[in-house]
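Reader: Could you take me through one part of this model closely, the place where the two chains come together and the sheet that runs through it? I'd like the cut-offs spelled out as you go.

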Amino acid sequence: MNKMFQRILVPVDGSRYMSGVVAHAIAIAKKTDSSLTFLYVVNVEPATTLELEKQKENSTRIPEECRRKAAAEDVSASSRIEVGSPAETIVEIAVREKFDLIIIGSRGYSRLKTLFLGSVADEVMEQASCPVLLIK
Amino acid sequence: MVEKILVAVDGSETMERTVRFACDLVKVMGGSLTLIHVVDVPVMIQPNLMFDSTPLIQDGEMILRTAQKQVEQNGLKADIILKQEGGNAGHRIVAVAEEQGFTLIVMHTRGKASGILVGSVCHTVAHNASCSVLILRP
């Protein structure tokens, strides 16, 4: 069978919803023989300096942890850090580098509690030109 | 992770791709398929005006049968669900997903002419579903 997906972009943010997203991504990559790119976007406009520090710390740790988790299951994966507005950056990379699926948690790291869909996921869903899998 | 998949079909030109995608997904990932079509019954401004929704329901049945046949041609099986809703079909899709314990909703966004922005049904489902949602593009 032809491959359903080849390259999957998985934005990760260290929120408590992330592990489910990573598990789904690994399972899908395994079955479809595709590769994963775990992307952490350091938000250029953090609310506080403390938040920026936390993001910097997260950015060096989280995508790499995800990559190792995938590698441990024999899934080809890479980790990567970008700086910018999260949703815009995710969409832009997906388009520019021709990812064929974005797997994203519907709720992320935010103090605002949107019922079922976070703002980054919402914007990615609205703007992406490839399929988007929202993990609830 | 075997998914119980609900595929929203609308009879548009993108339906075939949606169904094909869902079939490929099940072949690779496992899981079951159910096709849903929501008949958009106009909300009456004057309630005493009777609206005969029979033709719409017949259309809906036809859409579901076409999609089901396509699933069968892929060597798979699919259940079908036909619902009526006055207003946004998305709410009905979310309700069915919840009532019947679906784990994934697959749908195509019809979007605007640019083919980028998400349509209102898709939007409603993405915002309100408590299960995962896979959104395909035109």
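Author: Let's start with confidence. Chain B averages a pLDDT of 88, with 89% of the residues scoring at least 70; pLDDT is the predictor's confidence in each residue, from 0 to 100. This is a predicted model, so local features need pLDDT of at least 70 and side-chain atom pairs count only at pLDDT 80 or more, while totals for chains, interfaces and linings use all residues. Residues are numbered from 1 along each chain as its sequence is written, and chains are lettered from A and ligands numbered from 1 in the order in which they are written.

Within chain B, confidence is highest in strand β1 (residues 4–8), at 97, and lowest in α4(B), at a mean of 89. Helices (H or I, at least four residues) and strands (E, at least two) are DSSP runs, numbered from the N terminus. Watch residues 111–116 of chain B: the pLDDT there is below 50, and beyond near neighbours in sequence the stretch has 10 contacts in the model. Where pLDDT is low, the predicted coordinates should not be read in detail. For the complex, the predictor gives an ipTM of 0.88 and a pTM of 0.90.

Now the meeting place. 19 residues of chain A are in contact with 20 residues of chain B, where contact means C-beta atoms, placed from the backbone, that lie within 7 Å. On chain A, the elements giving two or more residues to this side are α1 (18–32), α4 and β5. By class, that side has 13 nonpolar, three polar and three charged residues; Ala, Val, Leu, Ile, Met, Phe, Trp, Tyr, Cys and Pro count as nonpolar, Asp, Glu, Lys and Arg as charged, and the others, Gly among them, as polar.

β5(A) and β5(B) pair in the antiparallel sense over three bridges, and Leu133(A) has Leu134(B) as its bridge partner. Strands pair if DSSP finds at least two bridges between them. Follow the pairing outward and you get an open sheet of 10 strands with mixed pairing, in the order β3(A)-β2(A)-β1(A)-β4(A)-β5(A)-β5(B)-β4(B)-β1(B)-β2(B)-β3(B). β3 (77–84) of chain A and β3 (78–85) of chain B stand at the edges with a single partner strand each, so one side of each has no neighbour in the sheet.

Back to α4 (residues 119–127) of chain A: its buried residues are Val120(A), Ala121(A), Val124(A) and Met125(A). They sit on the same side of α4(A), because they cover an arc of only 130 degrees around the axis, taken from the directions from the helix axis to the C-beta atoms. Buried means 20 or more other C-beta atoms within 10 Å of a residue's own, exposed 12 or fewer, and partly exposed in between. What covers these residues includes α3 (86–96), β4 (101–105) and β5 (132–135) of chain A, together with α4 (120–128) and β5 (132–136) of chain B.

Further into chain B, Ala8(B) lies in strand β1 and counts as buried because it has 26 C-beta neighbours inside 10 Å. Setting aside neighbours within four places in sequence, Ala8(B) is in contact with Ile36(B), Ile93(B), Ile105(B) and Met107(B). Out towards the edge, β2 (residues 32–40) of chain B pairs with β3(B) in the parallel sense over eight bridges, with Lys83(B) in β3(B) as the bridge partner of Val38(B).

Conventions: Contact = placed C-beta atoms within 7 Å.
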